[in-house]
Amino acid sequence: MAKLIKKNYYQTLGIPPNATSDEIRQAYRRAAVRHHPDKNPNDHTAEDKFKEISEAYGVLSNPDTRREYDRLEGFSNISANSRRNTDPVNSKSTINDIFNDLFKNRPSRKFNEKNSSTKKQESPVSRNAPIHHKKKGANIQQHITVSFRESILGGEAMLQISRDEPCQKCNGEGTKSDSTKAICPRCIGTGKVKGNDTCSRCRGTGIIIHQPCSTCSGWGVNAKERKLKVKIPHSIEEGKSLRLAGQGHSGLLGGDSGDLIVEIRVSPDPFFERDGNDLRAEVPISFAKAVLGGQVKIPTLSESVVFSIPKGTQSGHTFRLKGLGICQEDQQAGDLLITVSINVPRTVSDKQEQLLQKLLDLEEQN
Ligand SMILES: [Zn+2]
Ligand SMILES: [Zn+2]
């Protein structure tokens with residue numbers, strides 16, 4: 001059976017058992033900065049020490065878990081009798097202060113690079129700005145099926161998506177109002193673990209929350225079902241994607257939202273087929289019309305046109321109707337290519353049968 005190893009969290013943070021919550025916070029800040037692996041490049045034990053500090057702070061910064069710890073470890077009397085008033089914890093400034101202490105000497109971190117050209121006069125880390133834990137939201141990939149005509153003429157389509165949006169209860173902070181935050185012990189606040197993967201413990205924010213918001217469990221976002229109107233541009237082809245900037249998952253802790261990427265699928269048309277900017281269609285005509293010629297009504301993308309079939313048209317012959325294909329800006333309009341097929345009727349009237357019989361007799365006389 002595993003033996004429970006007793007840990008003196010007060011000793012880990014270098015404080016007496018009757019320390020106030022403010023003293024615990026200050027001690028954590030000092031210890032986290034002192035033992036952060038970035039500050040101790042050749043010390044292989046720094047990471048372990050950092051994790052111990054984080055664990056100690058996680059327990060002692062929450063009055064409920066601290067009371068339980070004190071009871072189990074026999075600190076109850078000391079702490080309860082002599083502890084001074086505990087003061088309200090200002091968790092936001094604490095975690096930012098620690099990040100500032102840790103990273104203030106770095107010339108420019110990723111998060112500030114975007115603005116570095118316009119904010120040269122400012123120090124790379126301003127005291128109250130969260131610097132490290134913003135995280136851009138993920139993109140959402142979806143597909144949408146549009147009709148053949150919509151794919152050519154454009155239009156609008158409704159799309160239902162499920163996306164993370166900022167939690168209303170905690171304003172996207174992820175914390176209960178009295179919660180403390182600490183640097184994530186798994187990734188040491190970098191948000192990344194081995195191989196540059198996103199840290200799963202803090203989701204890449206570099207921060208863990210000791211008393212998370214009950215609505216969003218500390219992530220600062222909740223999944224919401226949304227219906228969006230998507231504008232389909234004209235002349236879009238199967239497999240092409242639309243990118244709707246900022247319509248993806250919400251970022252974490254003030255990070256930008258991801259994008260919504262919509263792949264276009266086109267349902268086939270019963271009459272037309274697309275061939276670049278040309279359209280192709282098959283037009284069935286009767287044997288009599290093929291022989292004698294005549295007018296045929298042909299649908300186009302807008303209104304129907306009447307086309308004259310010449311005498312003696314062969315089955316499979318293709319006619320080109322100039323300019324009745326797809327029109328794109330700055331491009332020559334495509335054509336409509338119609339291929340004639342001879343329609344053989346399955347049943348005929350008595351009159352038709354008599355006439356056809358005469359025709360057949362004539363053919364056989366020759
Ligand atoms: Zn982490
Ligand atoms: Zn929340």
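In this predicted model, helix α3 keeps a set of residues out of the open: Phe50, Ile53, Ser54, Ala56, Tyr57 and Leu60 are buried. These residues take up an arc of only 165° around the axis, which puts them on the same side of α3. The spacing fits a general rule: an α-helix has 3.6 residues a turn, so residues three or four places apart point the same way. As for what that buried side meets, its residues pack against α1, α2, α4 (63-73) and β3. The length of α3 works out too, because 15 residues at 1.5 Å a residue should span 21 Å, and the end C-alpha atoms are indeed 21 Å apart.

Two of those α3 residues turn up again in the largest nonpolar core. This core has 27 residues, and Leu13, Ile24, Tyr28, Ile53 and Tyr57 touch the most other members. At least two core residues come from each of α1 (9-13), α2 (21-35), α3 (46-60), α6 (91-103), β3 (181-183) and β6 (207-209). Tyr28 gives a feel for how these pieces meet: setting aside neighbours within four places in sequence, Tyr28 is in contact with Leu13, Ile53, Tyr57 and Ala182.

Further along the chain there is an open sheet of four strands, ordered β10-β11-β15-β14, and its pairing is mixed. Strands β10 (272-275) and β14 (318-321) sit at the edges with a single partner strand each, so one side of each has no neighbour in the sheet. From one strand to the next, the twist averages 30°. At the β10 edge, the pairing with β11 (residues 278-286) is antiparallel and runs over four bridges, and Phe272 stands opposite Ala281 in β11.

Conventions:
Residues numbered from 1 in each chain as written. Chains lettered and ligands numbered in written order. Predicted model: local features only at pLDDT ≥ 70, side-chain atom pairs only at ≥ 80, totals over all residues. Pairing = 2+ DSSP bridges. Axes fitted to C-alpha atoms, helices over the stretch in contact; angles between N-to-C directions. Core = buried A, V, L, I, M, F, W, Y, C linked by C-beta atoms within 7 Å. Buried ≥ 20, exposed ≤ 12 C-beta atoms within 10 Å, placed from the backbone. Contact = placed C-beta atoms within 7 Å. Expected span 1.5 Å × (residues − 1). Arc of directions from axis to C-beta.
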